[in-house]
Amino acid sequence: MSVWNPDNIKDVAESIGISSLNDDVLQALSSDIEYRLSQVLEEALKFMRHSRRMTLSTQDVAQALRVLDIEPLYGYESTRPLRFGEASIGPGQPLFYVEDEEVDFEKLINAPLPKVPREISLTAHWLAVEGVQPSIPQNPTLADSRNQELVPKGPGANPNLAALTGSDNITVKPLVKHILSKELQLYFAKVCSAVLDENNDEYRVAALASIRTDPGLHQLVPYFVNFIAEKVTHHLKDLFVLTQTMQLTSALLENKQLYVDPYIGSIVPPVLTCLVGRHLGSSSEPLAHYPLRNIAAALLGSICKKFAKSSHTLKPRLARTCLKHFLDPTKPLGTSYGGIIGLQTIGGTEVVRALILPNLKEYESLIREPLEDDGSPKKAEAEAVLTALVGALQTLEDDTMGMMKGLQNGSDEDPREKLEEKVGSLVAGRVFEMGRPKFAQALLEA
């Protein structure tokens, strides 16, 4: 016997004009209806369980009908529960219906009109341009950034301080996520360890060659720049680490596939530190750090040649810094040496003529005493500084060859006295010891 009442089927049949149905047909239809309903309910319960809910909804039934390829029911898509009312149309014949909400037309007519919804549109904006976040409404403001900076962070942060500021429940998230793939993270770790590996020259050379030629390192550029700055800051007494960081910087700049213009402001300070730093290395050898200064000077010159056009203030700022360290009497001779070779590589002949040549006579007083004292521990450094000065002045020889009049023609005064008066006795004596009269005349004509 079917659970479904055959009388319901008879009522539906009469409503569509079928007045008489055999009892066997009613029983067969009742069994089929029962099967179809149980099938729909089983599918609907599956949707309910997968949605992690305990209440069956009309949406579950509609999805079940769609899965069974049956036309869905219409008019029951509601987010609120349905309330059924009961009405009696006769003895023992209750009628259930969905109660409709009563609407007051006066309130509906007098209610203010809702706002016109905006049309759906898509816009694009820049989160960051070359590492700089533009100030547009879509991006966080500077005030938001400052508030996040003031929030105590880390496992050791004081929760009481956060509670006082009213930010104890704030979760700090980075403004822009910069996610590296596992391959790039592994590559970065391997290269950093290889560059600082003092016992494996082949490993170190291979790592620098990879950075110099690999075209897929764009995401790692800020990480390498930060690595260089960190190592230079914390290893000023380790000449090997400083030298390798300069080699790493040179490799980054030589890679033509990398766009490092936005990071020049972060690359220059470590290079300047290795060029004009007061105390580099811990060796007792006074000239141990001079090769490092030469590497930094060459690197600074290549930076100026490559990026001076994009940054018009780069050369003047670097020249001003090197000149300041060159003429400062409180700085050690190593710093003066770095300032001299730095000025030479930054601007060449023009900078030597304008900044070094006019200050030679006054500067020689700083190196005269250690040069004349054979027992002075600074004599070797003073010799290196004097050699650097003469080397910088030699760039003037080729530049003034066309303007030279010759030492022998039209000069009544002793050329050595004139040169000593212009550049000082130490430099003049070294120039005449070289036996190059054209070089001496070039200095007089400069």
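**Exercise 1.** In this predicted model, work out where Glu43 and Lys46 lie and how many residues apart they are, and then decide whether each counts as buried or partly exposed.

*Solution.* Begin with the helix: Glu43 and Lys46 both belong to α2, which covers residues 23-50, and they stand three residues apart, about one turn of the helix. Next, consider the contact, for the closest N and O atoms of Glu43 and Lys46 are 3.5 Å apart, and the two form a salt bridge. Finally, turn to accessibility: Glu43 counts as buried because its relative accessibility is 17%, under the 20% limit, whereas Lys46, at 43%, counts as partly exposed.

**Exercise 2.** Determine which helices are tied together by the salt bridge of Arg212 and Glu254.

*Solution.* First, the side chains of Arg212 and Glu254 meet at 2.7 Å, N to O. Then place each residue: Arg212 lies in α8 (residues 201-213) and Glu254 in α10 (residues 239-254), so the pair ties together parts that are 42 residues apart in sequence. As for accessibility, Arg212 is partly exposed at 28%, and Glu254 is also partly exposed, at 41%.

**Exercise 3.** Find which residues are linked with Arg368 in a network of salt bridges.

*Solution.* Start with the pair Arg368 and Glu364, whose closest N and O atoms are 2.7 Å apart in a salt bridge. Both are in helix α16, four residues apart, and are therefore separated by about one helical turn. Glu364 is buried at 11% relative accessibility, while Arg368, at 25%, is partly exposed. The last step is to add Glu372, which is linked with Glu364 and Arg368 in the network.

Terms used. Residues numbered from 1 in each chain as written. Predicted model: local features only at pLDDT ≥ 70, side-chain atom pairs only at ≥ 80, totals over all residues. Heavy atoms only, no water. Salt bridge = Lys/Arg side-chain N within 4 Å of Asp/Glu carboxyl O. Helix = DSSP H or I, 4+ residues; strand = E, 2+ residues; numbered from the N terminus. Buried < 20%, exposed > 50% of the residue type's maximum accessible area, 1.4 Å probe, protein only.
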